[in-house]
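Load the model in your viewer and keep the selection box handy. We will go from the whole chain to single side chains, one stop at a time.

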Amino acid sequence: MTSNPDGDRLVYQCLGNCRPYGLDAAVVAGTVGRAVLRHTPAIVTAAGHPKSANLAAAHAGRVLARVTAGLTATDLRFTWRVALAPAGHAAPALAERLRSARTLAATDPVRAREVLRNSLAGVDPATAEPNPALADAAHLQAELLLCLGNPAATRWASYAHHSHAHLHGPSAQPVLTALHTLATGHRQAGHYQRAYHAYRHLTDQLITIAGPDAHPTLATQATLALVLHDLGHCGAARRLLADTITAHRRTQPTPTTPQPAACSTTCTRCASTAESADTTTATSRPIPQKRQRQHGQAGADIPWHAVGHVLDR
């Protein structure tokens with residue numbers, strides 16, 4: 001439908017003027033606004049005064065994909081955008097769009113993000129309830145935003161992590177994957193203290209699941225050392241890297257790639273001086289609390305390209 005003037009009032013009319021008369025735009029807007037307030041009030045911001053139907057109608061495009069009008073201005077049918085559509089209302093299948101976005105992600109992340117953005121319009125990751133389909137979509141959204149260098153990735157990764165943890169428990173694979181994405185996002189955005197705690201928590205989970213010498217544990221532990229280096233704790237970073245590489249050599253005595261062998265040589269030199277390294281940091285940088293080392297993220301690789309840089313410091 002399109003809006004057209006009709007005397008002193010604005011009305012909605014079908015393309016081609018298929019109706020004998022237009023629908024009063026004010027009544028349509030009020031009906032739409034009341035539906036938004038009833039089902040998705042969180043998207044409407046109103047400072048200092050009650051939320052009105054007209055104000056809510058201005059936000060309708062965030063949660064409604066289509067409004068189909070019947071014979072009167074109050075006879076409206078809504079097609080909701082988001083996975084958490086109100087009970088009893090039709091919503092596009094988020095699973096379908098998620099599959100499409102995953103297919104596009106490797107070759108066209110910008111287009112994949114657009115597919116997800118349309119589906120996630122109106123969803124506030126800070127307040128949304130746990131939902132399996134929405135958590136999967138939020139995690140992919142976070143990964144795409146990471147690829148595009150967008151710091152908003154951490155908001156979606158945080159929702160995916162908490163939602164999956166609520167649905168599956170703290171040790172489930174989707175929880176650990178989302179936690180790794182969250183930690184990566186914080187580090188990419190320069191939130192090193194938050195990245196430290198996220199990688200530390202991931203390490204704690206993985207050591208229980210896979211063991212202290214498992215490759216995912218060592219990979220996450222190595223990245224944790226790099227975050228310590230980012231925070232300015234160079235001595236602690238070198239010691240943790242030395243321990244990590246020693247464990248890696250113990251579990252994989254024959255390096256399968258040239259990087260571990262090269263780093264091991266550097267590590268031997270570094271380990272002998274690590275205890276005497278200056279671990280004093282700038283007073284403006286927060287000092288992470290000491291915690292017992294634990295676990296890393298499944299499927300991750302040890303960042304050998306960055307290890308040598310830290311060890312040679």
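**A helical stop to start**

Start by selecting Glu 114 and Arg 117, which sit 3 residues apart in helix H4 (residues 109-120), so about one helical turn separates them. Their side chains meet in a salt bridge, at 2.3 Å from N to O; the term asks for a side-chain nitrogen of Lys or Arg within 4 Å of a carboxyl oxygen of Asp or Glu. Glu 114 is partly exposed at 31% relative accessibility, and Arg 117 is partly exposed too, at 37%. Buried here means under 20% relative accessible area, exposed means over 50%, and partly exposed is in between (1.4 Å probe, protein chains only).

**A word on the model**

This is a predicted model, in which local features need pLDDT of at least 70 and side-chain atom pairs count only at pLDDT 80 or more, while totals for chains, interfaces and linings use all residues. Residues are numbered from 1 along each chain as its sequence is written, and side-chain values use heavy atoms, with hydrogens and water left out.

**Zoom out to the whole chain**

Switch to a cartoon view: the chain holds 12 helices and 5 strands. Helices (H or I, at least four residues) and strands (E, at least two) are DSSP runs, numbered from the N terminus. Of the 313 residues, 44% count as buried. Turn on the surface, and you are looking at about 16,000 Å² of accessible area, 53% of it belonging to carbon and sulfur atoms; the areas come from the Shrake-Rupley method with a 1.4 Å probe, and for residues only the protein chains shown count as cover. Among contacts (heavy atoms within 4.5 Å) with a separation of 6 or more, 61% are between residues 24 or more positions apart.

**Two more salt bridges**

How many salt bridges does a search of the whole structure find? There are 5. Side chains of opposite charge can pair when their charged atoms come close.

Next, select Asp 124 and Arg 155, whose closest N and O atoms are 3.5 Å apart in a salt bridge. This pair links distant parts of the chain: Asp 124 lies in the loop between H4 and helix H5 (132-147), and Arg 155 lies 31 residues away in helix H6 (residues 153-168). Both are partly exposed, Asp 124 with a relative accessible area of 33% and Arg 155 at 43%.

Now pick Asp 204 and Arg 200, which form a salt bridge at 3.7 Å, N to O. Are these two buried or exposed? Asp 204 is buried at 6% relative accessible area, and Arg 200 is buried at 3%. They are 4 residues apart in helix H8 (residues 192-210), so about one helical turn lies between them.

**Follow H8 along its length**

Color the whole of H8: its 19 residues reach 26 Å from the first C-alpha to the last, close to the 27 Å expected at 1.5 Å a residue. That expected span is 1.5 Å times one less than the number of residues. Its buried residues include Tyr 196, Tyr 199, Leu 202, Leu 206 and Ile 207. The buried residues of H8 pack against helix H7 (173-188) and helix H9 (215-231). Just after H8, stop at Gly 211, which takes a positive phi of about 105°.

**Into the core**

Select Leu 116 and Trp 156, the residues with the most contacts inside the largest nonpolar core, which has 42 residues. A nonpolar core is a set of buried Ala, Val, Leu, Ile, Met, Phe, Trp, Tyr and Cys residues joined through side-chain atoms within 4.5 Å. H5 gives the most to this core, with 9 residues.

Show the neighbors of Trp 156: leaving out residues up to four places away in sequence, it touches Leu 120, Val 123, Pro 125, Ala 138, Gln 141, Ala 142 and Leu 145. Gln 141 is in helix H5 and is buried, with a relative accessible area of 4%. With the same sequence neighbors left out, Gln 141 touches Arg 113, Leu 116, Leu 120 and Trp 156.

**Last stop: the hairpin**

Finish at strand E4 (residues 64-69) and strand E5 (residues 76-80), which pair in the antiparallel sense over 5 bridges; pairing requires that DSSP finds at least two bridges between the strands. A hairpin of 6 residues joins E4 to E5. Select Arg 66, and you will find its bridge partner, Thr 79, in E5.
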